[in-house]
Amino acid sequence: DKRVNIGIIGAGRIGQVHADNISFRLKNANLVAISSGSKQLADRCSLEHGCQPYYEYEQLLENPDLDAVCICSASNQHTAQIVAAAEAGKHIFVEKPIDTDLEVITTAMKAVKKAGVKCQVGFNRRFDTNYARVKAAIESGEIGDPHMVRITSRDPSPPPEEYIKSSGGIWMDCTIHDFDMCRWLVGDEVEEVYALGAVNIVPAMEKYGDVDTSLVTLKFKNGVIGSIDNSRQAVYGYDQRCEVFGSGGQIAINNNYANSAVISTNEKIQRDLPLHFFMDRYTDSFITELNDFCNCILEDKPVPCTTLDGRAPVVIAIAAKKSYTEGRPVKISEVDLALPEDLVGWDGQ
């Protein structure tokens, strides 16, 4: 069987998740190399997976056995690594966001197009079976034409202050997944954004211009209305729900649980709390997204989430921040940058 030889750039938490999946769960990939600026992480991760450690990603890219890279480094390093990988002729899987600056993202896109390599952005929730069922219901017409999309996405606990400093804010760090999901489900582009926010949980958020509680409404070009509510702390667990209402009905997905047990007594009916951590809730989606990426390489098919798809939620996040700051709805056209001529009309493949 043919397999894609993959090298991982960045051996932090998500890099180790992908390393485990490539080594132990994918049948169409081999993990051949891992690089990290931390010698300790590179050595440990490579030892666990029986592959070559590198301490500079440039050296990893010189490995002639490498077909593709999985970029799991800090967001501000993504574009330089995308450019280097593209110039080395390697296919690219990159974690979200590509970057938080649209001009920097343009640099990455140009490199991908020039090299003719595949580049998939890691919006893993597209590969979750629950959300995939919602998408299928919309595309098949089961619920008619969609009118409204509602997403609830709440973390079980807030991140540490050190993380908050450089997270890019709730809309760029957290809601960006939901912006992508809304756009993917609706199948159209957002036209206008209105964001409300509050600091109800972590007072330190204020000094970084961030919020821990958010409600965003989206107006799509085709008339669909979206709403997304986020919180940095849901005391009962990782709260992930979605509903799409249409002309012929509605479809809704609920939280995932560790078990299906329900306790019924003469006083109450109860069950255990939802899964508490995003890695538990979306375990299979991380496997599926890389499996699909590898199949796209082996079968020379279009990737399911392009750099254009990766760019769009960043634009929406920028609009949400501006809306919150200025206290008004913001049109996407106010914050978006025109693509350079050589990228106009390009589909990201």
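**Exercise 1. Decide whether threonine 307 is buried or exposed, then find its surroundings.**

Step 1. Threonine 307 has a relative accessible area of 1%. The cut-off for buried is under 20%, so threonine 307 counts as buried. Keep in mind that you're working with a predicted model.

Step 2. Now place threonine 307 in the fold: it belongs to helix α12, which spans residues 307-326. That helix lies across β8 (190-198), β9 and β15, and runs at about 50 degrees to β8.

Step 3. Look for its contacts, skipping neighbours within four places in sequence. Threonine 307 then touches Ile98, Met109, Cys119, Val121, Trp346 and Gly348.

**Exercise 2. Work out which strands stand at the edges of the 6-stranded open sheet.**

Step 1. Write down the strand order: β3-β2-β1-β4-β5-β6, with parallel pairing.

Step 2. Check the two ends of that order. β3 (52-54) and β6 (119-122) are the edge strands, and each pairs on one side only. Going from one strand to the next, the twist averages 25 degrees.

Step 3. Zoom in on one pair. Strand β2 (residues 29-35) pairs with β3 in the parallel sense, over 3 bridges. If you pick serine 35, you'll find that its bridge partner in β3 is tyrosine 54.

Step 4. Add a helix to the picture. Helix α1 (residues 13-24) lies across β1 (4-9), β2, β4 (68-71) and β5 (91-95), and its direction is about 150 degrees from that of β2.

**Exercise 3. Do the same for the 7-stranded open sheet: which strands have a single partner strand?**

Step 1. The order here is β12-β11-β7-β10-β9-β8-β15, and the pairing is mixed.

Step 2. β12 (249-253) and β15 (330-331) are at the edges with a single partner strand each, so one side of each has no neighbour in the sheet.

Step 3. Take a pair from the middle of the order. Strand β7 (residues 146-154) and strand β10 (residues 225-231) pair in the parallel sense over 7 bridges. Arginine 150 has serine 227 as its bridge partner in β10.

Step 4. Find a helix on this sheet. α9 packs on it and touches β7, β9 (213-220), β10 and β11 (239-246). The direction of α9 makes about 160 degrees with that of β7.

**Exercise 4. Compare two helix pairs: how are the axes arranged, and which residues make the contact?**

Step 1. Start with what you need: two packed helices are described by the angle between their axes and the distance between the axes.

Step 2. Helix α4 (residues 78-87) and helix α5 (residues 102-115) pack at about 10 degrees, with axes 9 Å apart. Angles under 35 degrees count as roughly parallel, so α4 and α5 are roughly parallel to each other. On the α4 side, the contact uses Thr79, Ile82, Val83 and Ala86; on the α5 side, it uses Val104, Thr107, Ala108, Ala111, Val112 and Ala115. Sorted by class, that's 8 nonpolar, 2 polar and no charged residues.

Step 3. Helix α6 (residues 129-140) and helix α9 (residues 175-186) pack at about 30 degrees, and their axes are 9 Å apart. These two are therefore roughly parallel as well. Tyr131, Ala132, Val134, Lys135 and Ile138 of α6 meet Met181, Trp184 and Leu185 of α9. This contact has 7 nonpolar, no polar and 1 charged residues.

**Exercise 5. Which residues have the most contacts inside the largest nonpolar core?**

Step 1. The largest nonpolar core has 100 residues, and Ile92 and Leu218 have the most contacts inside it.

Step 2. Follow isoleucine 92. Not counting residues up to four places away in sequence, its contacts include Val69, Ile71, Ile82, Val112 and Phe293.

Step 3. Fit this to a general idea: in soluble globular proteins, nonpolar side chains tend to be buried together.

**Exercise 6. Inspect three loops and say what you find in each.**

Step 1. Proline 97 sits in the loop between β5 and α5. A cis peptide bond joins lysine 96 to proline 97, with omega about -15 degrees.

Step 2. Aspartate 300 is in the loop between α11 (283-298) and α12. Its phi is near 50 degrees, a positive value in a residue other than glycine. With 63% relative accessibility, aspartate 300 counts as exposed.

Step 3. Asparagine 255 is in the loop between β12 and β13 (262-264). At 11% relative accessibility, asparagine 255 counts as buried. Leaving aside neighbours within four places in sequence, asparagine 255 touches Tyr238, Asp239, Gln240, Arg241 and Pro274.

Notes: Residues numbered from 1 in each chain as written. Predicted model: local features only at pLDDT ≥ 70, side-chain atom pairs only at ≥ 80, totals over all residues. Heavy atoms only, no water. Axes fitted to C-alpha atoms, helices over the stretch in contact; angles between N-to-C directions. Helix = DSSP H or I, 4+ residues; strand = E, 2+ residues; numbered from the N terminus. Parallel < 35°, antiparallel > 145°, perpendicular 65-115°, else oblique. Contact = heavy atoms within 4.5 Å. Nonpolar A, V, L, I, M, F, W, Y, C, P; charged D, E, K, R; others polar. Core = buried A, V, L, I, M, F, W, Y, C linked by side-chain atoms within 4.5 Å. Buried < 20%, exposed > 50% of the residue type's maximum accessible area, 1.4 Å probe, protein only. Pairing = 2+ DSSP bridges.
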